[in-house]
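This report describes the sheet, the helix packing and one buried position of the structure shown below.

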Amino acid sequence: MNHISGTNQIGNIRTEPMTISHLEDVYEIEMSSFSIPWDRDDFVKELNENDKAIYVVAFFDDKVVGYGGMWHIVNEGHITNIAVLEQYRKNKIGTAILSRMIQIADEKEMIGITLEVRVGNESAMKLYSKFGFKAEGLRKNYYADTKEDAVIMWKDLMRCEKQS
């Protein structure tokens, strides 16, 4: 896994790098959040074998309530998943996770971040738009369970150098 360090704290929400010790909590979140969830082995491989993987977990009052994953490919980030336990949604936890992932992308000097989101997931698209992600394309029939399309979203992180 791609190394990240440190924790971030926003109010009662703390984010930190995901480790194997978080696996049971993350798996519970995964199972309750997605119709085609990843299995435990997928997360173990991401954490132990994928040197492009960056994962964070979010704590609310010391309970793991969300997580996010991103791959660092060449000079771009690709968000693989963000999920929050249903009973903790609308508490800015997704915002904290996405904010931390953007911060990591900045620290690693990525030029941008991309992701796919279900066309029907308006709350996620609203969150991503709030952070400057823009719809750039469509993947037809992307989701195997429903054949739902995915919106491809992109956030540019390029910095304009000031001319002297």
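## Strand 6 and its neighbours

Strand 6 and strand 8 (residues 150-156) run antiparallel and are joined by seven bridges. Helices (H or I, at least four residues) and strands (E, at least two) are DSSP runs, numbered from the N terminus; two strands pair if DSSP finds at least two bridges between them. The model is predicted: local features need pLDDT of at least 70 and side-chain atom pairs count only at pLDDT 80 or more, while totals for chains, interfaces and linings use all residues. Residues are numbered from 1 along each chain as its sequence is written, and side-chain values use heavy atoms, with hydrogens and water left out.

Strand 6 is also joined to strand 5 (residues 76-84), by three bridges, and these two strands run parallel. Bridge partners of strand 6 include the following.

| Residue in strand 6 | Bridge partner | Partner strand |
|---|---|---|
| Gly112 | Glu76 | strand 5 |
| Ile113 | Lys155 | strand 8 |
| Glu116 | Ile152 | strand 8 |

Six of the seven residues of strand 6 (residues 112-118) are buried, so this strand is largely enclosed by the rest of the structure. Buried means under 20% relative accessible area, exposed over 50%, and partly exposed in between (1.4 Å probe, protein chains only).

The open sheet has eight strands in the order 1-2-3-4-5-6-8-7, with mixed pairing. Its edge strands, each pairing on one side only, are strand 1 (8-10) and strand 7 (134-139). From one strand to the next, the twist averages 25°.

## Helix 3 and Leu98

A right-handed β-α-β unit is made by strand 5, helix 3 (residues 93-107) and strand 6. A crossover is right-handed if, with the strands pointing away from the viewer, the path from the first strand over the helix to the second runs clockwise.

Leu98 lies in helix 3 and counts as buried, at 0% relative accessibility. Not counting residues up to four places away in sequence, Leu98 touches Ile79, Ile82, Leu127, Tyr128, Phe131 and Phe133; contact means heavy atoms within 4.5 Å. Leu98 and Phe131 are 33 residues apart along the chain, and their C-alpha atoms are separated by 8.3 Å.

## Helices 1 and 2

Helix 1 (residues 23-33) packs against helix 2 (residues 40-48) at an angle of about 125°, with the axes 10 Å apart. Axes are lines fitted to C-alpha atoms, for helices over the stretch in contact, and angles run from 0 to 180 degrees between N-to-C directions. The contact is made by Leu23, Glu24, Val26, Tyr27 and Glu30 of helix 1 and by Arg40, Phe43 and Val44 of helix 2.
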